[in-house]
There are 2 protein chains.
Amino acid sequence: MTYEFLFGQISQKQSYLCVGLDTDIRKIPAHLQGLPDPVFEFNKQIIDATADYCVAYKPNIAFYEALGKQGWESLQKTIAYIPKTHFTIADAKRGDIGNTSGLYARTFFDPASSGLDFDAVTVAPYMGSDSVMPFLDFADKWVILLALTSNPGSTDFQRMNADGAPLFEQVLKTSSEWAGKDRLMYVVGATQAGEFQRIRQLVPEHFLLVPGVGAQGGSLEDVSRFGMNAHCGLLVNASRSIIYADNGSDFASHARQEACRLQQEMARYLDLYCR
Amino acid sequence: MTYEFLFGQISQKQSYLCVGLDTDIRKIPAHLQGLPDPVFEFNKQIIDATADYCVAYKPNIAFYEALGKQGWESLQKTIAYIPKTHFTIADAKRGDIGNTSGLYARTFFDPASSGLDFDAVTVAPYMGSDSVMPFLDFADKWVILLALTSNPGSTDFQRMNADGAPLFEQVLKTSSEWAGKDRLMYVVGATQAGEFQRIRQLVPEHFLLVPGVGAQGGSLEDVSRFGMNAHCGLLVNASRSIIYADNGSDFASHARQEACRLQQEMARYLDLYCR
């Protein structure tokens, strides 16, 4: 998917919502558990219920891998089911030496190899440029690099003073030379709202994928005020607060309500801050 | 597997060789390609040929994931086939927020969930403590944390001066408080031989998993001289130089010869430096 198409979808839907498909077999409503593929059935209903209000879906790969071969099958069916209008992110946090990253790129970007055809994959920066570049060899596919994450452990190394600036700033500076706004995004946690202005100085045009609104407690308003640019530049993810809004037989309509609520809030912020 | 059992195996076999199962379907000998599961058949023959000379196997997860569901099945069969005397490492470079790392831990450590039962998994440190701790909740399982990797991109961030010391040293210092030598190892590339003495000052007792001997050009002698401790403290990985030693119908006996050659060299270094 291109930058322009993605921004077009955001403008049209007045939404920069990404729905995180962190689908945990242990949390799926009871009435689905007897079906042959409860994870896919759950995702299918979540996608049907939320597609009007979001522009992206982000399956968290751990939740599928934990189920082995069956999880992989559920993931393949989920990706095939998501409408082509929606940006798809493999939240996988991969990154390895060049030849291995090349294989991970095939995993997520080459359906003839793995059965998966994502638009983007999240990548950890620790191993440097040659661990990231192989993902960029695939046309129209995206790398979403970890910069400043939403979790408590983000203080352990990401904020260390590295050659005169916090490590996450060095990651932004160095990696923004590897690819432009058309191929590269960054993960910045919503719990880090105080850093968005500084981050926008360093990468004014790149999209930021922002987890941590919802269950993790980040503020959508702060993220939008300080992180938005003239092409929105944000994909804000919510997972648990949408997909587990309710765990009864009516879970999908509760998910739809929560996605709609977030979309309406986002429409206000687009009006206020997208400039 | 316990630290004591692993060291016992090393002493008994006079080997600290780890065979990397980076099995690329495109490089498997032609006569195996028509079989129902060529990747597993290849691995089975490699394991039969090398088990006498190595103490560990390290499937590189990317190579299996790139084949989708079929790859996952080959991986499950491979892990089930490896003798229980051998330490098994999922080279996966995972790491995510706590609840997600918990799912990755189930993926690699909980056979009832995923069908896999590895002894250890490689983890990237960028997201900090809560991305690592969930892997340590599984008794007798190990985390192998990236410290200083073997690839060119290791210079991008790992060697930055972070609060007064190279970032990889900060990773060693901080993480060595999370777990002791019985549960935690570190990845240090063989191409970084100049750093082994300093690393041994910081983590004298932990095992180091050392890739980069062979195709990547690191020196086994330098690694052994500067990295070994009184309990060996090294697992040296070779992948391509063993498993692709030959690509004819006789590939397994060539792999065995190369594994034997490395084991004999290791026996010398154990005699010289394991003290």
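This is a short chat about a predicted model, its chain symmetry, a helix and some salt bridges.

Reader: What rotation superposes chain B on chain A?

Author: A rotation of 180 degrees, with 0.0 Å of shift along its axis and an RMSD of 0.0 Å. That is the relation of a two-fold axis.

Reader: Which C-alpha of chain B is nearest the axis?

Author: That of B:A162, which lies 2.1 Å from the axis.

Reader: And how many of the contact residues of chain B recur in chain A?

Author: 100% of them recur, and the same surface serves both copies.

Reader: Changing topic. Which residues does the UniProt domain annotation cover in chain A?

Author: Residues 16–255, in an unreviewed entry; the annotation reads "domain: Orotidine 5'-phosphate decarboxylase". Over that stretch chain A is 37% helix and 19% strand. The C-alpha atoms at its two ends are 16 Å apart.

Reader: What about helix α9 of chain A, enclosed or not, and why?

Author: Helix α9 spans residues 167–175, and 8 of its 9 residues are buried, so the helix is largely enclosed by the rest of the structure.

Reader: Which residues of α9(A) are buried?

Author: A:L167, A:F168, A:E169, A:Q170, A:V171, A:L172, A:T174 and A:S175. Buried here means under 20% relative accessible area.

Reader: On to salt bridges. How many are there over all chains?

Author: A search of the whole structure finds 34.

Reader: What does B:K77 pair with?

Author: The side chain of B:K77 meets that of B:D37 in a salt bridge, at 2.8 Å from N to O. The pair links distant parts of the chain, 40 residues apart. B:K77 sits in helix α4 (residues 68–81), while B:D37 is in the loop between β1 (17–21) and α2 (38–50).

Reader: B:D37, buried or exposed?

Author: B:D37 is buried, with a relative accessible area of 9%. Its partner B:K77 is partly exposed, at 30%.

Reader: Which residues do salt bridges with shared partners join into one network?

Author: A:K58, A:D91, A:K93 and B:D96.

Reader: And what does B:R26 bridge to?

Author: B:R26 forms a salt bridge with B:D24, the closest N and O atoms being 3.0 Å apart. B:R26 is exposed, with a relative accessible area of 54%, whereas B:D24 is buried at 6%.

Reader: Last one. How far apart are the closest N and O atoms of A:K181 and A:D182?

Author: 3.6 Å, in a salt bridge. A:D182 is partly exposed, with a relative accessible area of 38%.

Notes. Residues are numbered from 1 along each chain as its sequence is written. Chains are lettered from A and ligands numbered from 1 in the order in which they are written. This is a predicted model: local features need pLDDT of at least 70, side-chain atom pairs count only at pLDDT 80 or more; totals for chains, interfaces and linings use all residues. Side-chain values use heavy atoms; hydrogens and water are left out. Buried means under 20% relative accessible area, exposed over 50%, partly exposed in between (1.4 Å probe, protein chains only). Helices (H or I, at least four residues) and strands (E, at least two) are DSSP runs, numbered from the N terminus. UniProt positions are given in the numbering used here, feature names are shortened, and annotations may be inferred rather than shown by experiment. A salt bridge is a side-chain nitrogen of Lys or Arg within 4 Å of a carboxyl oxygen of Asp or Glu. Copies are superposed by least squares on the C-alpha atoms of residues with pLDDT of at least 70 in both. Contact means heavy atoms within 4.5 Å.
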